[in-house]
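Work through the exercises below with the structure open beside you, and try each task before you read its solution.

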Amino acid sequence: MTCPMLHRPQIRSLFVGWTIPCLMLFVACGDSPSPRPDPPLVEGERLGTAGAHEHGIARLGLAVDGARVTVDLELPAESVFGFEHAPRSEQERATAAEALDRLRTGGARLLAFPEGTSCALDSAEVQAPKDVEDDHAEDQHTHEDEGIQHEDVHLLASLTCSREPIGQASLRFADLLPAVVQVDLTVFTAAGEAAGRVAPDASFRF
Ligand SMILES: [Zn+2]
């Protein structure tokens, strides 16, 4: 009497065991509705401690959502302005203001997009150390020599492209941020994610 009860789960699992491969075969070999996009590709050194502050190294995240691209860039203030303290002269103040302005308007120029795709800046937000942005900040940084305080600059930009920017692309840091020598790049698309430490002019695939 108890035998059928005992066997039922076994029979069911056997059935499930066959159903899934059959379904997968059907999906894989059936009429493909559209070519599956390749996942992004970044050929670089594996990323170590993410988010670490290293002069000359920028952390860049690129996320593709249809024709929209989000650019999330974080890097040491030193790699943007050439210094990492509150501006001490009119010249340093002007240098900082100009660099921040370039960053605010230049998000789309950090990249060369796949051929035939053009992308324009929708919006951009730059976060900089408060004492750099504030023109009226008194020089409260007489303690710099006692302990070095590191500061980052953060750019969050949103771009709209003429089409979904899938394909071969490259970084173009030289114009906008020439002090950057390496980029910790992470790329997200609908097909997956890729990351690596690369050169500031490296090629990658969205
Ligand atoms: Zn620093």
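**Exercise 1. Find how strand 3 and strand 6 run relative to each other, parallel or antiparallel, and how many bridges join them.**

Solution. In this predicted model, begin with strand 3 and follow its pairing to strand 6: the two run antiparallel and are joined by 9 bridges. For a single pair to look at, take Val 69, which stands opposite Leu 159 in strand 6.

**Exercise 2. Describe how strand 2 pairs with strand 3, and say which residue in the turn has a positive phi.**

Solution. Begin with the pairing itself, where strand 2 and strand 3 are antiparallel over 7 bridges. Next, pick out individual partners: Leu 60 has Leu 73 in strand 3 as its bridge partner, and Asp 65 stands opposite Arg 68 in strand 3. Finally, look at the connection, for the two strands form a hairpin with 2 residues between them, and in the turn Gly 66 has a positive phi of about 65 degrees.

**Exercise 3. Work out in which order the strands of the open sheet lie, and which are its edge strands.**

Solution. Reading across the sheet, its 6 strands come in the order 5-6-3-2-8-9, with mixed pairing. The edge strands are strand 5 and strand 9 (192-198), since each of them pairs on one side only. If direction is ignored, neighbouring strands of this sheet are turned against each other by 15 degrees on average. Then add the helix: helix 3 lies across strand 5 and strand 6, and runs at about 140 degrees to strand 5.

**Exercise 4. Identify which residues have the most contacts inside the largest nonpolar core, and which residues Val 183 touches.**

Solution. The largest nonpolar core has 39 residues, and those with the most contacts inside it are Ala 58, Val 71, Val 80, Val 183 and Leu 185. Among the elements that each supply at least two residues of this core are strand 2 (57-65), strand 3 (68-76), helix 3 (90-105) and strand 8 (182-189). Leaving out residues up to four places away in sequence, Val 183 touches Ala 58, Leu 60, Leu 171, Phe 173, Val 198 and Pro 200. Such a grouping fits a general tendency: in soluble globular proteins, nonpolar side chains tend to be buried together.

**Exercise 5. Decide where the pLDDT is below 50, and how many contacts that stretch has.**

Solution. Start from the whole chain, which averages a pLDDT of 82, with 74% of the residues scoring at least 70. Over residues 1-32, however, the pLDDT is below 50, and this stretch has 0 contacts in the model beyond near neighbours in sequence. Residues 135-146 also stay under 50, though the model has 10 contacts for them beyond four places in sequence. Where pLDDT is low, the predicted coordinates should not be read in detail.

Terms used. Residues are numbered from 1 along each chain as its sequence is written. This is a predicted model: local features need pLDDT of at least 70, side-chain atom pairs count only at pLDDT 80 or more; totals for chains, interfaces and linings use all residues. A nonpolar core is a set of buried Ala, Val, Leu, Ile, Met, Phe, Trp, Tyr and Cys residues joined through C-beta atoms within 7 Å. A residue is buried if 20 or more other C-beta atoms lie within 10 Å of its own, exposed if 12 or fewer, and partly exposed in between; C-beta atoms are placed from the backbone. Helices (H or I, at least four residues) and strands (E, at least two) are DSSP runs, numbered from the N terminus. Two residues are in contact if their C-beta atoms, placed from the backbone, lie within 7 Å. pLDDT is the predictor's confidence in each residue, from 0 to 100. Two strands pair if DSSP finds at least two bridges between them. Axes are lines fitted to C-alpha atoms, for helices over the stretch in contact, and angles run from 0 to 180 degrees between N-to-C directions.
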